[in-house]
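Here are a few exercises to work through with the model open in your viewer. Try each task before you read its solution.

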Amino acid sequence: MNTEILGVVAQIVLMIVLSYPFGKYMARVYKGEKVWSDFMQPVENLIFRFSGIHPQEEMNWKQFLKALLVVNLFWFIWGMILLVIQGSLPLNPDGNGGQTVHQAFNTCISFMVNCNEQHYSGESNLTYFTQLFVIMLFQFITAATGMAAMAGIMKALGEKTTKTIGNFWNYLVLSCTRILLPLSLVVGFILITQGTPMGFDGKMEITTLEGVTQHVSQGPAAAIIPIKQLGTNGGGYYGVNSSHPLENPTYLSNMVECCSILILPMAMVFAFGFYVKRRKLGYSIYCVMLAAFLIGVCVNVPAEMKGNPRMDAMGIAQDNGAMEGKEVRLGAGATGLWIVATTVTSNGSVNGMHDSTMPVSGMIEMLNMQINTWFGGVGVGWMNYFTFIIIAVFISGLMVGRTPEFLCHKVEAREMKVASMVALLHPFVILVGTALAAYLYVHAPEWVESEGGWLNNPGFHGLSEMLYEFTSVAANNGSGFEGLGDNTWFWNISCGIVLILSRFIPIVGQVAIAGLLAQKTYIPESAGTLKTDTVTFGVMTFAVIFIVAALSFFPAHALSTIAEHFSL
Amino acid sequence: MKNKNHTSLFQREQVMESLKQSFVKLNPRIMVKNPIMFTVEVATLIMLVVTLYSATHTSQGSFVYNLWVFVILFLTLLFANFAEAIAEARGKAQADSLRKTREETPAKLIVDGKVKTVSSSQLKKGDVFECEAGDVIPADGEIIEGLASIDESAITGESAPVIREAGGDKSSVTGGTKVLSDRIKVTVTTQPGESFLDKMIALVEGASRQKTPNEIALTILLAVFTLVFLIVCITLKPMADYSHTVITIAAFLSLFVCLIPTTIGGLLSAIGIAGMDRALRANVITKSGKAVETAGDVDTLLLDKTGTITIGNRKATAFYPVAGMDKHAFVEACLLSSVSDDTPEGKSIIELGRELGVRMRTLPTEGARMIQFTAETKCSGIDLKDGTEIRKGAFDAIRRIALEAGNEFPEETEDIIRKISGNGGTPLVVSINRQIAGVIELQDIIKPGIEERFERLRKMGVKTVMVTGDNPLTAKYIAEKAGVDDFIAEAKPEDKMNYIKKEQAAGKLVAMMGDGTNDAPALAQANVGVAMNSGTQAAKEAGNMVDLDNDPTKLIEIVEIGKQLLMTRGTLTTFSIANDVAKYFAIIPALFMVTVPQLAPLNIMGLHSPESAILSAIIFNALIIPILIPLALKGVAYKPIGASALLRRNLLIYGVGGLIVPFIGIKLIDLFVGLFF
C-alpha cells in the first residue's frame, strides 16, 4: 500500500521536475533562439523548401487561422482516403480490410481534432500502414497544431503592439521536429526495453501454458505509443489502450507513460512564462493548475485504493482497493493517478476502465474534462485557461476600479464577446448532448432499442455514462465509460459534431482574442494596474473557472455521480 | 446646492416617483434593453400563466405556492426597476435644482441697437443681450463688451463674487447667475435646451443615455452567464425525466431566476447613473457616462501650478537690502514702490512690510507720481515729490536701469538672486535713484494638504504633472516640494498638447483641466478634459466635463468617482455570481428530495421542505436587490492601497461574503417560510 502511494508521489514529482527545463527549452524553440536541437535545421529547411514555405514570413491572426484550418481539412481528406483503401496498401501482414466510409469518417474526425475517440479496435480495423501514416501522423500533427496555436498566442501576448503573430507553418514544424519527435524517441526506447513490440511482422502465434493457441497482435507499437501519450492524443495502438500488457507492460513503462501525459501540457505553462518574460505569471498559472490536479489526485487515489463499501458489506476482501477494471501489475493507486492525469489533459488514454471507477472518481474525471483547463491538451489546455483569465481579468479589473487589461492590453467588449462565447460553448454542447440522449432514451425507447439499447447500466450510472461520453468528446479527450454502447448511428453523428465544434471554435476564438489584444496600444503598468501574477488573482481565476465551468454541471452531477455516490 | 445639502439617500417625493416608474419600466420595450431582467420578466409572465392554471389543476403544485413564486418574481422585477428609477430621480433632482436657477427670466435683447425685453426662453444662439447690476443673466453666453462682478453662488455655492470681462479667458457667463455691478453685453452661445446642463439632465433621465463600452462588455458577460444557466435549466428537464423526477415549472423558473446574475443585472444601470450623479454632486457636469468611466483609468494628470498646487500668486517672503543700506529704509522703499501695484505680489509686499512694522500711512506718498508696469519697461514704481525715483522689477530690467545710469550692479546682489532662485523663489530687484537698493524675495505658497493628495494619487497609479510658466529651476523646486512626479516649465500652450500626445503615444490616458481658449486643443486631445465653468466657450466645448466650481483640484475627485463607478460594478458582479453556490445548494436538493432521497446530504442548510427551500432562495434573491441599492448609489469606497491589495480586500468582502451571506440569509428566511410551507 505504501509503495503504491510512493509510486504516485514519485510520478508527480517526476512530471513537475521534468516540465520545468522542458518549458524553458520550448520557449527558446518558439522564439527561434539557439538550442541544442539546432542540428534538425537541415531537415526543417528541407520540409520548408519542399512545401514552398517561408518560415520567417509573418502572418496576422486571420492568416494564421486560415493556414491552421486549411491544413486540418487537407489531413481530413488524406486520412479518409487512406483508411478506406488501406486493404490494398502495403504493410498489411494481417490482411485487414478497409474501413467503411462512416467508420473512416468517425476515425478521421476523432484523430484530426486530437480527441482519439476510438469506435474501432486497432488490431483488426487498421493496418500497419494506416497506424503509421494516419494514426501516428495525426497524433504528431494535431498535437503540433495545438502547440503552434499556443505559440502564436504567446507571440501575440509577448509583444508590445503587433499585427502579426508569427508563422503557423514554422511553429507547426518546430513543434514536431524539436519537441514531439525527440521526446517520443526517448520514450519509445524505454518502452522497447520494457517489452513493447516494434516491428512489421504479422500476428504472433503462441501456445499458452494451458495449451491453447493464441494470436497476439504486434507491429510498430513502440513508435506510436509515445506520441499517443506525449501529444495528449490517447488513441491506443491496441483496443484496450494502456491496459494492454504489450502497450504498457510494466510498472516502469506505466510510470513513463503516465508522466508523458502531463509533461508537455505542464511544460507549456512554464514556456508561456518564459516566452512573454513574465515567469511569475507562468508560475502562478502553473500553481493553480497543479493545485486543481492535486485535488483530483487526493480524491481519486484514496477512493480507488479504499475500494467499494458495497464489496466490504458483502464480506469480500479488497486489500488492493477497487480492482474491478484495473490491471494487477499496475495497482489501484497508479490507476487512480492515471485517470486524473488523462482527464485533466485531453489525453484520454486509459490504463484501467473508467466505467468501473468509484462514483466520486467518475465525478472528478468528468469535472476535469468539463473544466478542461487544468493543464489540458498540449497548447489548447493553456489556451482554455487563457479564456478564463480574460473573464477573470475583466471582473477583477473592475473590482480595482480600472477598465480591465491583460498583459498591458485593454480587454474590451469584442474580446469579452469571444471569450464568453468560447466559455459558453463547452457546457452548451455537453449539457445539450446529454439532455438529447436522455430525452431519446425516455421518450423514444423503441428507437434506442434499435440502436442496441445504448446503456448497459440503468439508473444513475446510465446517466453518468451518457454525460461522460459527451464530456469526453467535448473536451477532445476520447476516453469513455465503456458501459455505453457507443458505436451507433446516434453516438457517431452527435459526437462527431461535438468533436469538430469543440476543437475548432475555441482555437479560433482564443487566437482571435490574442490577435485582437496584440493590435491594441500597449499600456505600461502603473501602481493602479491589476497584477495577474499574484496569489489573489490565481484564486480569483480558480473561482471563476469553478463557478462558471464546474457549477453549471452541478444539477447533472447531482442526478448521476453524486446520487450514485450517496447510494453506496 | 452642494452635496452637503443632501444627507439622506432617499427622499419622500423621489421614492414615490420611483415607485411609479418601477411599474412604468415594466414595459417590455424598455425592459429589453437589459437582457438579464428581460428574461426575468418573461419568467414572471410564464409564472402568471402557471399560477392561473394551478387554480384549477394540481399537477403544477398548489395555487398558493405558485402565487407566491409569481409574486416574488414580480417583486424582483420591481426592485430592479426601482433601483434604476431612484438613481434617475436623484440625478434628476440634482439637475433640476441647477435648472431652477435658469427658469424664465426677462432678457434685455438688443435688436438693431435698441433694447427689447423678451423672455429668456426666446433667446437664440447668437443673440446679444445686456445685463446691468441686479439682473439675472438669462442664458449661457460670452461677454463681448464690458466687465462686471457676478454672483455665481447659485451654481457654485461660493458666495464671493467673481469678475468677468470681455476678451481673455474669463469672458464666459452662466445663465441663472446674477450681475452685482456694472453693465455687460453678452452674446448667447447655446440654443435653448442644448446647454451642458440640459444635456446632462437628458443623460441622467435616460433619454440619451447610451451604454458605455465597459457597460456593454459587462452586459455581454452577464448575458452569457444568463445563457449558460438557461441551458442548465432546460437540459435539466430531460435528465430529470430520465431519473423519473417531476420538476414543476415554478421550480424550474425559480432555479433559473436564482442562478442568473439578477443582482448585478438589476443594479447595473443604477450604478452608471449614480456615477454621473456623484459627479454632478461634486458640481461637475459630464457630457457622457463614458467620460466618468475614463476618468477612473487616467494615468497622467496635468495640473496647472497656479491655483492648483500653489495658492494663487506668489507672496513676498523677505527683504534683502544691499550695499550697506538700512533695512528699515529699504522696506519703506519697497512699500512705496508698491503703493499703486494692484497685483497680488504688490499687495503681499505691503502686507509683509506691515508685519515688519512699516505703515503705509507714515510714508510720504503725497504728490507722488505712480509708474505703472508696462511690457517695455518691465518694472513699476513711484516718483516721489522730492524727486526720488524708486523702481522695482525683474532682475535684468533693473540692472539695465542701473547700468545705463552708470552705476554698478553689486556682486552681492547676484549672490542673493542666485540663492532665491535656488529656493524656488522669484527675485524682484529694487532700485532707488537708479542705484540697486536690494532684493525682494517672492515665494510660491504650496496649498496645505496637496502633498497628501498627490501621495494618494501615486498610490492609485496616477502620475501628476505640474504645468507652469516658471523657469525650470523654480519649477523643479516647487515640483519637489509639492511632490508631483514631473513638471513642464516655461510652458507654452503647445507644450501641454505635445506632452499629452507623448503620453498618449505611450498608451497612457491623460486628464487635464483648463479654461482658456488656447487650452481648447489640449482639452480636446486629453482623454478627460475638464473645462472650468468660468472659462471660454471654446474651452467648454472642447472638454468632456465642465466644473461649475472652477476648482482645479477637482480632477482628483473626478478620478476617484470614475474608479468608484467601475469598482461598484465589479464588486456587485462578483457578489452576484458568488451567490450562486448557495442557491444551488438550496434548490437542487429541493428539486430531487422526493424522488432521489439519496441526495438528502446535499441539503447542507437543512431547509425545511422543497417548497420553502425554493421560496427562500427566490425571496433572498429578490431582497438582496433593494438591500444593495444604497451601495449601488453611493458606490463602493475607494481606498488607494494599490491594485493587488484592493483586489484582495474586495474579493474578501464581496467574493467570500457573497459565498457566505446567502447561506445565512436563505436559512433565516427558510426558518420563517418553513412555518407555512
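Buried residues account for 57% of the 568 residues in chain A. Keep in mind that this is a predicted model.

**Exercise 1. Work out how the radius of gyration of chain A fits with that of a compact globule.**

Solution.
- Step 1: start with the expectation. For 568 residues, a compact globule would come out near 24 Å.
- Step 2: look up the chain. Chain A has 23 Å, which agrees with the globule value.
- Step 3: add the outline. Along the principal axes, the C-alpha atoms of chain A fill a box of roughly 75 × 55 × 50 Å.
- Step 4: see what the chain is built from. Chain A has 20 helices and four strands.
- Step 5: check the contacts. Of those in chain A with a separation of 6 or more, 78% are between residues 24 or more positions apart.

**Exercise 2. Do the same for chain B: what is its radius of gyration, and what would a compact globule of 677 residues have?**

Solution.
- Step 1: the globule rule gives a value near 26 Å for 677 residues.
- Step 2: chain B has 34 Å, so don't expect the agreement seen for chain A.
- Step 3: the box for the C-alpha atoms of chain B, again along the principal axes, is roughly 115 × 60 × 45 Å.
- Step 4: count the elements, and you get 23 helices and 21 strands in chain B.
- Step 5: for burial, 53% of the 677 residues of chain B count as buried.
- Step 6: for contacts in chain B between residues at least 6 apart in sequence, 69% join residues at least 24 apart.

**Exercise 3. Describe how helix H14 and helix H18 of chain A pack.**

Solution.
- Step 1: find the helices. H14(A) covers residues 380–399 and H18(A) covers residues 489–519.
- Step 2: get the geometry. Their axes come within 10 Å and cross at roughly 60°.
- Step 3: classify the angle. That crossing makes H14(A) oblique to H18(A).
- Step 4: give the hand, which is left-handed for H14(A) and H18(A).
- Step 5: list who meets whom. From H14(A) come Val380(A), Met383(A), Asn384(A), Phe386(A), Thr387(A) and Ile390(A), and they meet Pro506(A), Ile507(A), Gln510(A) and Ile513(A) of H18(A).
- Step 6: sort these by class. The contact of H14(A) with H18(A) has seven nonpolar, three polar and no charged residues.

**Exercise 4. Repeat the analysis for helix H1 and helix H7 of chain A.**

Solution.
- Step 1: H1(A) spans residues 2–31 and H7(A) spans residues 168–194; their axes are 10 Å apart, at an angle of about 140°.
- Step 2: this angle makes H1(A) oblique to H7(A).
- Step 3: the crossing of H1(A) and H7(A) is right-handed.
- Step 4: H1(A) brings Met26(A), Val29(A) and Tyr30(A), while H7(A) brings Tyr171(A), Leu174(A), Arg178(A) and Ile179(A).
- Step 5: by class, the contact of H1(A) with H7(A) has six nonpolar, no polar and one charged residues.

**Exercise 5. Which element gives the most to the side of chain B that touches chain A?**

Solution.
- Step 1: size up the contact, which takes 59 residues from chain B and 55 residues from chain A.
- Step 2: list the elements of chain B that give two or more residues: helix H7 (213–242), helix H10 (289–297), helix H16 (450–460), helix H21 (554–592) and helix H23 (643–673).
- Step 3: pick the top one. H7(B) gives the most, with 18 residues.
- Step 4: finish with the classes. The side of chain B that touches chain A has 34 nonpolar, 16 polar and nine charged residues.

Key:
Residues numbered from 1 in each chain as written. Chains lettered and ligands numbered in written order. Predicted model: local features only at pLDDT ≥ 70, side-chain atom pairs only at ≥ 80, totals over all residues. Axes fitted to C-alpha atoms, helices over the stretch in contact; angles between N-to-C directions. Parallel < 35°, antiparallel > 145°, perpendicular 65-115°, else oblique. Left-handed = near helix turned anticlockwise from the far one by under 90°. Contact = placed C-beta atoms within 7 Å. Nonpolar A, V, L, I, M, F, W, Y, C, P; charged D, E, K, R; others polar. Rg over C-alpha atoms; globule rule 2.2 N^0.38 Å. Buried ≥ 20, exposed ≤ 12 C-beta atoms within 10 Å, placed from the backbone.
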